[in-house]
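Hello,

I am handing over the structure we talked about, and my notes follow right below it. Have a look at it first, then read on at your leisure.

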Amino acid sequence: MKLMSEKDIPAFVQAVIEAGCDICAVDYDGYVLGDADLPLAKSRQVQPILRQISLRFGERDHLRRDIVLHLRSLGRFVESGTIH
């Protein structure tokens with residue numbers, strides 16, 4: 001499978017946001033796409049889009065920390081039960 005490059009992180013985050021998901025970092029450990037918070041009908045609509053985003057950008061587990069830092073720099077993070 002294709003590996004995502006660090007330079008693709010901003011475009012990946014923007015693509016997820018444009019798909020209608022509230023992607024955000026969770027502390028400094030990880031991130032969530034926010035698709036679980038969507039109503040069922042919207043979630044079903046977004047899932048194929050998220051699959052296409054994953055295929056386009058590739059495997060990103062090795063960039064988890066970099067994605068978290070990028071999301072935090074945008075103010076998109078949850079920490080200690082508080083949404084920022």
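Apart from residues up to four places away in sequence, S43 touches D35 and L38. This is a predicted model, so please read everything below in that light. S43 sits in helix α2, and S43 counts as buried because its relative accessible area is 15%, which is below the 20% cut-off.

Now the overall picture. The protein has 3 helices and 4 strands, and along the sequence they come in the order α-β-β-α-α-β-β. The radius of gyration is 12 Å, close to the 12 Å that the globule rule gives for 84 residues, so the protein is as compact as a globular protein of that length. The C-alpha trace spans about 30 × 30 × 15 Å along its principal axes.

A few totals may be handy for your own calculations:

- Of the 84 residues, 38% count as buried.
- Taking the contacts with a separation of 6 or more, 70% come from residues 24 or more positions apart.
- The exposed area is about 5,200 Å², and carbon and sulfur atoms supply 54% of it.
- There are 11 positive and 12 negative side chains, and the centres of the two sets lie 6 Å apart.

Next, helix α1, which runs over residues 9–18. Which of its residues are buried? They are I9, F12, V13, A15 and V16. These residues cover an arc of only 160° around the axis, which puts them on the same side of α1. What do the buried residues of α1 pack against? Their partners are β2 (30–32), α2 (40–57) and α3 (64–73). Just after α1 comes G20, with a positive phi of about 105°.

Helix α3 can be read in a similar way. Its buried residues are I67, V68, H70, L71 and R72, so you will find a histidine and an arginine listed there beside I67, V68 and L71. The cover over the buried residues of α3 includes α1, β1 (24–26), β2 and β3 (77–79). Helix α1 thus appears in the cover of α3, and α3 appears among the elements that the buried residues of α1 pack against. Just after α3, G75 takes a positive phi of about 80°.

If you check backbone angles, please look at D27 as well. D27 has a positive phi of about 50° although it is not a glycine. Where is D27 placed? D27 lies in the loop between β1 and β2. With a relative accessible area of 28%, D27 is partly exposed, because that class covers values from 20% to 50%.

E79 falls into that class too: E79 belongs to strand β3 and counts as partly exposed at 26% relative accessibility. For a distance to try in your viewer, take E79 and V46: the two are 33 residues apart along the chain, and their C-alpha atoms are separated by 26 Å.

That leaves the start of the chain. M1 is placed in the segment before α1, and L3 is found in that segment as well. Are M1 and L3 buried or exposed? M1 is exposed, with a relative accessible area of 74%, and L3 is exposed too, with a value of 56%. Both values are over the 50% cut-off.

Exposed as they are, M1 and L3 do have contacts with residues further along the chain. Leaving aside neighbours within four places in sequence, M1 is in contact with S54 and E59. On the same terms, L3 is in contact with F57, E59 and H62. E59 is therefore on both lists, as a contact of M1 and as a contact of L3.

Two C-alpha distances go with these residues. L3 and L63 are 60 residues apart along the chain, with their C-alpha atoms separated by 9.4 Å. M1 and G30 are 29 residues apart in sequence and 21 Å apart in space, C-alpha to C-alpha.

If you would like a short route through the model, I would go in this order:

1. Helix α1, with I9, F12, V13, A15 and V16 as its buried residues.
2. Helix α3, whose cover includes α1, β1, β2 and β3.
3. D27, for its positive phi in a residue that is not a glycine.
4. The segment before α1, where M1 and L3 are found.

Happy viewing, and write back whenever you like.

Best wishes

How values were computed:
Residues numbered from 1 in each chain as written. Heavy atoms only, no water. Buried < 20%, exposed > 50% of the residue type's maximum accessible area, 1.4 Å probe, protein only. Helix = DSSP H or I, 4+ residues; strand = E, 2+ residues; numbered from the N terminus. Arc of directions from axis to C-beta. Contact = heavy atoms within 4.5 Å. Rg over C-alpha atoms; globule rule 2.2 N^0.38 Å. Areas by Shrake-Rupley, 256 points an atom, 1.4 Å probe, with all protein chains shown as cover. Lys, Arg positive; Asp, Glu negative; His and termini not counted. Charge placed at Lys NZ, Arg CZ, Asp CG, Glu CD.
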